[in-house]
Every structure is written in structure tokens, then in C-alpha cells.
Amino acid sequence: MNTAPQWSYRLDDPPPTLFIRAMFKAANAVQIRVSIDEIEPDVWRRLVLPVHWNLEHLHCGIQAAFNWWDYHLYEFRIGGLRYGDVETLMEDASDDDPRVFDQTEVRLLDFEQGAVFSYHYDFGDGWRHTVAVEEFLALGSAPKHGSCVAGARARPPEDVGGVSGYERFLEIIADREDPEYAETIRWCGGYFDPEWFDLSMADKDLRNALRSNVKRRLYQPKPKAVPKK
């Protein structure tokens, strides 16, 4: 006797619930790509994040994945509107400044696949990041933290002076004869490679993004010396 379920319904009938659940499992993660604007070649990270994270969590994730130090003000720009910490951003605002909306009220789940918006960090240096929502994912188990799955190149040093300051910084450290070389290389911790990126390190940092007691690396790790034969 054939005991297999027999699906028998017309095209205008709703499909069985079991069929719906099998075909349309709810997304529990989202894959996004974050890149720093106006720098070539691209400095970017690809992140897989819990879909229930809000914009405040996303800020922490971006800071961790790029190893920014989280010393400065930030905001998100979405559809011409500002989102962030309302109290902090409006503390010295004038009546003419645009309203700031609460970042905790917007979750990653609220975006559509393909959405693109901006994340601004350090209003002095003016680092703008493009955030692209690439794909919603239905993982086998809901992620408890973020993961960095790809990326390229080092982010600029904190307080380097924005895009123009970073360009000048790279010129100086590439020329040992530059009168500013010694002071500049000390300032950045003794070593800086713009091509450096360590996926395992970025992933570990992102996994700890929401932990308040995690210390950030101040500088790039120096390459290990090759032992002499």
C-alpha cells in the first residue's frame, strides 16, 4: 500500500502548510558588504550578521570588522534620513539641523535585498562607508554573533586626516628620505601595510563586536622576522 502523501489541489487552492515551510524557510541572517568610499583599490569587508541586529549593533560590527577604534561620532544615512544615537547627535544641534531617528528602531530585517545606504564615522576625518545588503540567508541555526567571510586591504589609520590625509600618509611612509618619515612611522605604530588584511583576525574581532570589555588593536601587527639560516 502506498502511504506517501498525495498532493491534490487546484492551482487556485493555497498550497499545503508543509510545502510552504519547506520552500520558504525564514531568513535568520543577512550578508552585507561594507566598503570605505573614495579609496582605491577598494577597502572592504563582507559580513554575515544576525537578521535581528539593529543599526546600533551594525555600527559595532563595522567598527570591529575594520578595527576602527570607536572614538568618534557616527551616523547612518538612509533614504536621506539620519539614524544614530539621538541624544548624542542632537546635543549640540541647531534648530536647522536635520532630525535624527533612533538607530535601535531599525533592524537589518527591515531592509530589502539590494538596499544600499551610508555609514559615516568620524565627522572630522569624514570616513563614509557604503553598506550594501547582498542577500538574506536561512542558515541551519540562527547565528549568535556576526562573522567576517571576506575582505581586502587595511583601513586607514585613525585620525590620519581623511582621504587626503591618508594619501599624504602613504606617500610619506613609502619614502624613507621624506623628512616626515621617522615621525610618521612612529605615529602609526612602527609599521603599516595598506594591502594587509587578516580574515581570521577580522572574523574574531567581529564575533566579539558586542562585548564591551574587548580591547581593540591599536596598530597593525608587524610581520614576523624570518629566521636567518
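How many nonpolar, polar and charged residues does the lining of the second largest pocket have? By class, that lining has 4 nonpolar, 4 polar and 6 charged residues. The structure is a predicted model, and this report describes its pockets, its salt bridges and some features of its backbone.

**Pockets**

The second largest pocket holds about 240 Å³ of space. Its lining consists of 14 residues, and those nearest the centre are Asn-208, Ala-209, Arg-211, Val-214 and Arg-216. Helix H2 supplies the largest share of this lining, with 3 residues.

In the largest pocket, the space comes to about 320 Å³. Here 25 residues form the lining, and Asn-67, Arg-155, Leu-218, Tyr-219 and Gln-220 lie nearest the centre. Two elements, helix H2 (55–66) and helix H6 (199–207), each give two or more residues to this lining. Its composition by class is 16 nonpolar, 2 polar and 7 charged residues.

Two of the residues nearest the centre of the largest pocket, Leu-218 and Tyr-219, also belong to a nonpolar surface patch. The patch is completed by Tyr-71, and the three residues together have about 330 Å² of accessible area. Leu-218 is located in the segment after H6. With a relative accessible area of 43%, Leu-218 is partly exposed.

**Salt bridges**

The whole structure contains 11 salt bridges. Three of them are listed below.

| Pair | Closest N to O distance |
|---|---|
| Arg-33 and Asp-42 | 2.9 Å |
| Glu-75 and Arg-82 | 2.7 Å |
| Arg-168 and Asp-178 | 3.2 Å |

The third pair joins separate parts of the chain. Arg-168 lies in helix H4 (residues 162–173), while Asp-178 lies in the loop between H4 and helix H5 (181–187), so their salt bridge ties together parts that are 10 residues apart in sequence. Arg-168 is partly exposed at 34% relative accessible area, whereas Asp-178 counts as buried at 13%. Both residues take part in a network of salt bridges that also includes Glu-171 and Glu-180.

The other two pairs can be described in the same terms. Both partners of the Glu-75 and Arg-82 bridge count as buried: Glu-75 has 3% relative accessibility, and Arg-82 has 11%. In the Arg-33 and Asp-42 bridge, Arg-33 is partly exposed at 22%, and Asp-42 is partly exposed at 26%. Why does Arg-33 count as partly exposed? Its relative accessibility is 22%, and the class of buried residues is kept for values under 20%, so Arg-33 falls outside it.

**Backbone features**

A cis peptide bond links Glu-40 to Pro-41, with omega at about -5°. Pro-41 is found in the loop between strand S1 (29–36) and strand S2 (44–50).

Positive phi values occur at two residues that are not glycine. Asp-70 has a phi of about 60° and sits in the loop between H2 and strand S3 (74–78). Arg-153 has a phi of about 70°, and its place is in the loop between strand S8 (147–152) and H4. Is the side of the accessibility scale on which each residue falls buried or partly exposed? Asp-70 counts as partly exposed, at 36% relative accessibility, whereas Arg-153 is buried, at 9%.

Note on methods
Residues are numbered from 1 along each chain as its sequence is written. This is a predicted model: local features need pLDDT of at least 70, side-chain atom pairs count only at pLDDT 80 or more; totals for chains, interfaces and linings use all residues. Side-chain values use heavy atoms; hydrogens and water are left out. On a 1 Å grid over the protein atoms alone, a cavity is a set of points where a 1.4 Å probe fits but cannot get out, and a pocket is an open set with protein on both sides within 12 Å along at least five of seven lines; lining residues have an atom within 4 Å of a point. Grid points are joined across faces, edges and corners, and a volume is the space filled by probe spheres set on the points. Helices (H or I, at least four residues) and strands (E, at least two) are DSSP runs, numbered from the N terminus. Ala, Val, Leu, Ile, Met, Phe, Trp, Tyr, Cys and Pro count as nonpolar, Asp, Glu, Lys and Arg as charged, and the others, Gly among them, as polar. Patches are made of residues with over 30% relative accessible area and no salt bridge: like charges are joined within 9 Å, nonpolar side chains (Val, Leu, Ile, Met, Phe, Trp, Tyr) within 5 Å. Accessible areas come from the Shrake-Rupley method with a 1.4 Å probe; for residues, only the protein chains shown count as cover. A salt bridge is a side-chain nitrogen of Lys or Arg within 4 Å of a carboxyl oxygen of Asp or Glu. Buried means under 20% relative accessible area, exposed over 50%, partly exposed in between (1.4 Å probe, protein chains only).
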